[in-house]
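Please work through the exercises below with the sequence and the model open beside you, and try each task before you read its solution.

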Amino acid sequence: MVIPDFSRLDIRSAEELDDPGSIAIALLDAAKSAKLGVFVWEVAANRLLWNDAMYEVYGLSHRVALDGTSWLALLHPDDLLRVRDDVIAALRGERPYDTVFRVKSAAGWNYVRGTAWIERDAAGVPLRMAGINQDISHSQRFDALVEQVQADTDSQVGRAFLGALADALCRALGMGYALISEVYPVHQPTHMRTLAFSQDGRAAPPRDFALLNTPCQQVYSTAGWLQLNDAQARFPHAPVLRELNVNSYLAMPLMGADGNPLGLMVVMDSLPVTDAELARKLMALFAGRTAAELERLRREAEVRRLNAELEARVTARTEHVKRTMRELEAFTYAVSHDLNAPLRAVHGFGSILREDYADRLDTPGRDYLERTLNAAERMGRLLDDLVSLSKISLRPLNVGKVHLTQLALEIVADLQNQQPRPGMSVVIAPHLVVHADPGLMRILLDCLLRNAWRFTEHMPDARVELFERHQGGRREFVVLDNGVGFDAPTAEKLFAPFQTFQGEGGFAGGGTGLAIAQRVIHRHHGGIQSESRPGQGAAFTFWLPPAGELMALLETDET
C-alpha cells in the first residue's frame, strides 16, 4: 500500500460538493448541532472534506483557506507521529482509527478525539475514510482534575481526608477557599461548623457560624446545588462573606443515607468562576464519599460519647460496689464479733443454768431452758453460715490446678470421722482436675458431699458418687446420691440462703450450704443445677469455664 502524503491533502467544505443530497445535508446539520466535526477523506484523490463543525473544532473561521501543511501545523508536535501511525494502521486494517490529539487554540491546547471507519473496494483497498472529530477538552480536563484530587486524597480517611479534599479542591479549581462542614444540632440545625477549611490550598483555622441569612442556609433547606456570582449582594447580612470578600459561591449538599443533608461542600472566591459546570461535576463526584466520611465521623463521635457515658456509669457502679463491699465487710465483722458475743453469753449462762440449777426447775422450766439453748445454738450456726457466705464473695480468687479427686477423698474421710457410716458406698472418679481456686473448691465439694451424706443417713444401701461427663459441649461434674430426694417446688429454693424445706421421710433441710456452693460456682463464672425426685436420690451438677476463658473473665471482673 502506498503511504499517503498528508501534506498534499485538498481540504474542502462538504457544502461545496455539487450534489450532497438532502439527507447528507440533514446529517451534517445534526452533527454540527452536536458540535461534531465530520470529515470524509477520499484516499485515492487525497481530498479531505470537512463540515462546518470541523472548523469550529480546530478554532478556525468557516471555509478558511487550509491545506495539509497548515492543518498539520495545528497539531501538537508530540502527537504528530502517533496520529500518523494511527491513520496508517487503520488503512492497513490493523486496528480501528480511534485516537486523541492536541490542537492549538487561543487558550493553549485543546484535546480532540478522532474516530473513523474505512470504506474499501472488493480487493480491500481503502477508498475513503469517514469519521468524526470531537473537542473533548472539557472532559479531558475534568479527568485530569479527578486524577489530581484522587492522588491527593486516596490514602486519607476521616478528618484527614476532609482536610486533603478541601486543599485539593482549592488547587484544582483555582478557588481561594474550600470548606467541608457539618450542620448541627442534628435534628433541627441552626449552625454550621467547618470540619475542613482551606485557603489557597492550605489548611485554615476552623470556623463556626449560624446558618441564618447565609447561602449555606439556602443550600441546606433546598438540598440542592447553589451557584452565585454575587454572593455578598445576595446575602448582605452574612459576615463571613464580607470578611473573606467572597463573590463567587458554589455549594453542594452532603446527603446522608436517610436522605437528609449532613453538611455542605463549598468553594468560594472573590473573582468570577471560569467553569462552574466543571466545578459542579467535580464536587458532585466526591460528595458521596465525603458524606460517608461525615456519617462515619458522627458515628465515631456517638460511640465515644456512649463509651464515656458507659465509663462514667461503670466508675459510679464500681464505686457503689466497693462501698457495698466495705459495708458488707463491716456487717460481717459485726456479725462475727458484736452479735456472737451476746449470743455466747446467752448460751453460756443457759448451760450453767442447766448444769447447776436444773433440779430446781420444774418440767416446764427445763423445757423452756432447752428451747432457749437450742435456739441459741441454731442462731450461732446461722451467724456462722452468714459469715461464711459473705466471705465467699469477699475473698480474692487464686486460680490454679485443683485435684478434685484428692479433695473429695479428704472430705469423705473427715465425714467418716465425724459421722461414721460403715455401710456407706462412696465412689470418687480418679483424675478429676480443674483450674479454679483450691480453697473455694474445697468449700464447694464439702457443701455438696455433706449434703449427700446427710440425706442418705437412713438409706440401707446408701451410695454417693462424684464423676464427670461431657454434655452439650461442656465438661460437667456430678455429685449423685440415692437419698430421700426432693420435689420440684423444693428444687426452686434449694440455693437460696436460710430456706427451710422438709425432705422425704422427715428429713429437714435449710441453712446456707447449697447457697454457698452456688456462690462459689458463680465466683468462677460457672453454673450449678439440681435434679431429683422424692425417694429417688438427687444429682447436683456443676461446670466451670475452661482455664483461658476463666482467666479472661476474672481479669474483666477486676477491671
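Two strands pair if DSSP finds at least two bridges between them, where strands (E, at least two residues) and helices (H or I, at least four) are DSSP runs, numbered from the N terminus. The model is a predicted one, in which local features need pLDDT of at least 70 and side-chain atom pairs count only at pLDDT 80 or more, while totals for chains, interfaces and linings use all residues. Residues are numbered from 1 along each chain as its sequence is written, and side-chain values use heavy atoms, with hydrogens and water left out.

**Exercise 1.** Find the residue that stands opposite Trp543, and describe the sheet around this pair.

Solution. Begin with strand 18 (residues 474–481) and strand 22 (residues 538–543), which pair in the antiparallel sense over six bridges. Glu476 is the residue that stands opposite Trp543 of strand 22. Next, place both strands in their open sheet, whose five strands follow the order 15-17-18-22-21 with mixed pairing. At its edges are strand 15 (425–428) and strand 21 (527–532), each of which pairs on one side only. From one strand to the next, the twist averages 20 degrees.

**Exercise 2.** Determine which strands helix 12 and helix 13 lie across.

Solution. Take helix 12 (residues 404–418) to start with: it lies across strand 15, strand 17 (463–471), strand 18 and strand 22, contact meaning heavy atoms within 4.5 Å. Helix 12 runs at about 160 degrees to strand 15, an angle taken between N-to-C directions on a scale from 0 to 180 degrees, with axes fitted to C-alpha atoms, for helices over the stretch in contact. Then turn to helix 13 (residues 438–455), which lies across strand 15, strand 17, strand 18, strand 21 and strand 22, and runs at about 170 degrees to strand 22.

**Exercise 3.** Is Asn46 buried or exposed? Describe its backbone and its place as well.

Solution. Locate Asn46 in the loop between strand 2 (36–42) and strand 3 (47–50). Asn46 has a positive phi of about 55 degrees, although it is not a glycine. Asn46 counts as buried because its relative accessible area is 14%, the classes being buried under 20%, exposed over 50% and partly exposed in between (1.4 Å probe, protein chains only).

**Exercise 4.** Which residues does the cis peptide bond join, and where is Pro185 found?

Solution. The cis bond joins Tyr184 and Pro185, with an omega of about -10 degrees. Pro185 itself is found in the loop between strand 7 (177–184) and strand 8 (191–199).
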